[in-house]
Amino acid sequence: MKVAVGMLSHETNTFSTVKTSLRDFNPLCGNEIVEFYKGTRSGVGGFIDVLEEEGVEIVPTVAAGATPAGPLDRRDYDYLVGEIVEGVASGGVDGVLLALHGAMVAEGVPEAEGILLGAVKGIVGDKPVICTLDLHGLISEMMVSNVDAIFGYDTNPHVDMYERGVEAAGVMVAALEGRVRPTTAFKKVRMMPPTINQRTTEGPMVKLLRRAREMEEEPGVINVCLFPAFPYADVQRVGSSAVAVTDDDPALAEELCEELGDMFWELREEFLKPLTPVEEAVYRAVRAEEGPIILADVADNPGGGSPGDGTVILRELIRRGAKDVGFAIIKDPEAVEGAIGVGVRGTLEMEIGGKTDGYHGRPIPVRGEVRTITDGVFVHKAGAVGVRADVGRTAVIDVDGIEIILTEKSHAPNDPEVFRRNGIEPRDKKILVLKSRGHFRAAYEPFSKEVIEVDAPGLTSPNLGWFKYENVPRPIWPLDQI
Ligand SMILES: [Zn+2]
């Protein structure tokens with residue numbers, strides 16, 4: 001038996017002015033994929049482990065993932081899809097396993113995953129196509145009708161990519177051996193809650209997931225997963241969705257989705273959550289007796305497509321004279337270049353941050369001592385453990401007690417390794433500023449005293465009224481009262 005394996009993962013924030021291109025994906029081809037992902041806690045790592053154990057021949061196609069930003073360059077998207085399709089077509093495979101995100105958009109292609117899955121299904125016909133999706137995936141008819149089964153992450157922060165990969169590959173093997181015939185249904189609800197309260201350890205998702213787990217105990221049910229939705233993609237398929245996979249029982253799959261769809265709607269108000277104004281957040285952090293106090297810059301979250309160069313919180317920290325601060329990150333290649341120019345222990349004096357667009361505060365003049373300079377490469381010890389991260393050349397500058405990590409690339413600092421790699425021990429800091437909406441919690445909450453979600457401006461702000469939507473289906477909650 002032969003199974004094609006591929007990955008194409010991007011969470012596209014269509015409001016971002018930063019186009020995503022092939023360079024950002026750094027795609028791996030053929031055997032490189034197995035070498036890179038084998039033994040990692042990633043979805044593809046899960047595929048590989050199961051297929052190898054079951055003696056299934058792996059046909060690696062392309063594995064490409066990029067930090068969330070604006071829509072993919074159309075030619076690069078076509079190229080990546082073409083490479084996966086080509087790999088599937090030439091491999092003579094019995095099935096296809098793909099690790100996708102679900103909220104990917106290319107220029108002129110709002111249905112980026114749907115088109116890919118349609119092309120793959122067009123080649124393999126009735127052979128199984130199974131994919132994993134991020135919990136923030138936006139599910140569409142085109143996607144569902146071109147796959148046999150979907151396995152969405154059940155955790156947020158996402159820590160179960162590997163487990164979902166294992167599950168998907170296990171069902172693939174069972175389908176190939178004729179032990180199951182997976183069929184998938186979905187239900188979309190007219191709501192697009194902000195991502196701020198989509199965590200799976202508290203809030204409305206706990207109730208939804210509990211019911212989903214109960215459903216999975218019923219005979220004939222293979223998988224039930226929930227997609228509360230990523231609202232920063234201005235596309236028709238936006239909206240919360242439930243997906244159910246059963247063993248050849250489409251009616252049961254539909255029924256389960258209907259129930260979860262109703263539940264989503266009933267719980268919608270619980271997805272909303274107030275944020276703390278910038279001044280108050282910084283005041284509380286500075287006054288706190290013990291740290292680390294985490295100031296989460298949820299609206300400038302590179303994990304959701306913001307640039308990661310917002311200056312509003314930094315400006316307030318400087319104004320208040322905050323000390324003992326670790327600040328991750330400000331993406332500013334020009335500032336990194338400047339820091340390298342003056343060298344370690346040199347003084348960097350320039351404007352930093354706020355250079356990508358007009359949404360995240362103005363560039364801010366600073367004078368600081370360069371503490372460290374690194375290549376910005378580290379290996380994840382949290383989340384996708386074992387996977388290599390590359391945030392570009394990186395410098396830390398100390399501005400009167402605020403240690404700022406300057407990077408060449410956007411990066412959500414969800415793994416404390418980004419601090420440690422650059423000579424800062426995050427546990428020892430009084431205040432940590434993290435440009436992240438919530439994925440940081442898995443690794444940082446165990447050692448932090450408090451998390452304050454700050455209401456700074458940006459392209460991942462939970463205040464959805466701020467965005468100019470043109471393509472989402474209307475009416476939709478919370479933009480409209482329904
Ligand atoms: Zn996600």
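A strand in these legends is a DSSP run of E of at least two residues, and strands are numbered from the N terminus. The views that follow are taken from a predicted model.

**View 1. A cis peptide bond leads into Ile329 of strand 12.** Ile329 has its place in strand 12, which covers residues 325–331. The peptide bond that runs from Ala328 to Ile329 is cis, with an omega near 0°. As background for this view, most peptide bonds are trans.

**View 2. A cis peptide bond also joins Trp477 to Pro478.** Here omega is near 5° for the bond from Trp477 to Pro478, and Pro478 belongs to the segment that comes after strand 20.

**View 3. Asp324 and Arg345 each have a positive phi.** Most residues other than glycine have a negative phi. Asp324, although it is not a glycine, has a positive phi of about 60°, and this residue is found in the loop between helix 11 (312–320) and strand 12. Asp324 counts as partly exposed because its relative accessibility is 32%, a value between the limits of 20% and 50%. Arg345, likewise not a glycine, has a positive phi of about 75° and takes its place in the loop between helix 12 (333–342) and strand 13. With a relative accessibility of 70%, Arg345 counts as exposed.

**View 4. A zinc ion is held by donor atoms of Asp134, His136 and His158.** The coordinating atoms are given as Asp134 (OD), Asp134 (OD), His136 (ND1) and His158 (NE2), and they lie at 2.1 to 2.7 Å from the zinc ion. Along the chain, the donors follow the spacing D-x1-H-x21-H. Asp134 lies in the loop between strand 5 (129–133) and helix 6 (141–144), while His158 lies in the loop between strand 6 (149–152) and helix 7 (161–176), so this pair ties together parts that are 24 residues apart in sequence. Asp134 and His158 are both buried. The arrangement is irregular because the four donor atoms subtend angles of 52 to 147° around the zinc ion, whereas a tetrahedral arrangement would need all angles to lie between 85 and 135 degrees.

**View 5. Ser140 makes a polar contact with Glu111.** Ser140 sits in the loop between strand 5 and helix 6, which is also where Asp134 of the zinc site lies. Ser140 counts as buried because its relative accessible area is 5%, which is under the limit of 20%. The side chains of Ser140 and Glu111 are joined by a polar contact of 2.9 Å. When residues up to four places away in sequence are not counted, Ser140 touches Glu111, Phe186 and Arg237.

**View 6. The side chain of Thr40 reaches a backbone oxygen.** Thr40 is placed in the loop between helix 2 (31–37) and helix 3 (43–53), and with a relative accessibility of 4% Thr40 counts as buried. Its side chain reaches the backbone oxygen of Tyr37 at 2.7 Å. If neighbours within four places in sequence are left aside, Thr40 is in contact with Gly45, Tyr162, Val385, Gly386 and Val387.

**View 7. Two aromatic pairs show a stacked and an edge-to-face arrangement.** A pair of aromatic rings is described by the distance of the centres and the angle of the planes. With centres required to lie within 6.5 Å, the count comes to 12 aromatic pairs. One of these is formed by Phe264 and Phe271, which are stacked at 6.2 Å centre to centre with 25° between the planes, and Phe264 and Phe271 are both buried. In another pair, the rings of Tyr359 and Trp466 have centres 5.5 Å apart and planes at 85°, so the pair is edge-to-face. Tyr359 lies in the loop between strand 13 (347–352) and strand 14 (364–374), and Trp466 in the segment after strand 20 (450–455), so the pair ties together parts that are 107 residues apart in sequence. Tyr359 is partly exposed, with a relative accessible area of 33%, and Trp466 is partly exposed as well, with 40%.

**View 8. Tyr359 and Trp466 belong to an aromatic cluster.** One cluster is formed by Phe15, Phe230, Tyr232, Tyr359, Trp466, Phe467 and Tyr469.

**View 9. A charged side chain sits over the ring of Trp265.** The charged end of Arg268 is placed over this ring, at 3.9 Å from the centre of the ring.

Definitions and conventions: Residues are numbered from 1 along each chain as its sequence is written. This is a predicted model: local features need pLDDT of at least 70, side-chain atom pairs count only at pLDDT 80 or more; totals for chains, interfaces and linings use all residues. Side-chain values use heavy atoms; hydrogens and water are left out. Rings of Phe, Tyr and Trp (its six-membered ring) pair if their centres lie within 6.5 Å; planes under 30 degrees apart count as stacked, over 60 as edge-to-face and the rest as tilted. Buried means under 20% relative accessible area, exposed over 50%, partly exposed in between (1.4 Å probe, protein chains only). Helices (H or I, at least four residues) and strands (E, at least two) are DSSP runs, numbered from the N terminus. A charge sits over a ring if NZ of Lys or CZ of Arg is within 6 Å of the ring centre and within 35 degrees of the ring normal. Donors are N, O and S atoms within 2.8 Å of the metal (3.2 Å for Na, K and Ca); water is not among the atoms, so sites may look incomplete. Four donors count as tetrahedral if all angles lie between 85 and 135 degrees; four count as square planar and six as octahedral if opposite donors are over 155 degrees apart and all others between 65 and 115; anything else is irregular. A polar contact is a pair of N or O atoms within 3.5 Å; within protein, one must be able to donate a hydrogen and the other to accept it, and residues adjacent in sequence count only if both atoms are side-chain atoms. Contact means heavy atoms within 4.5 Å.
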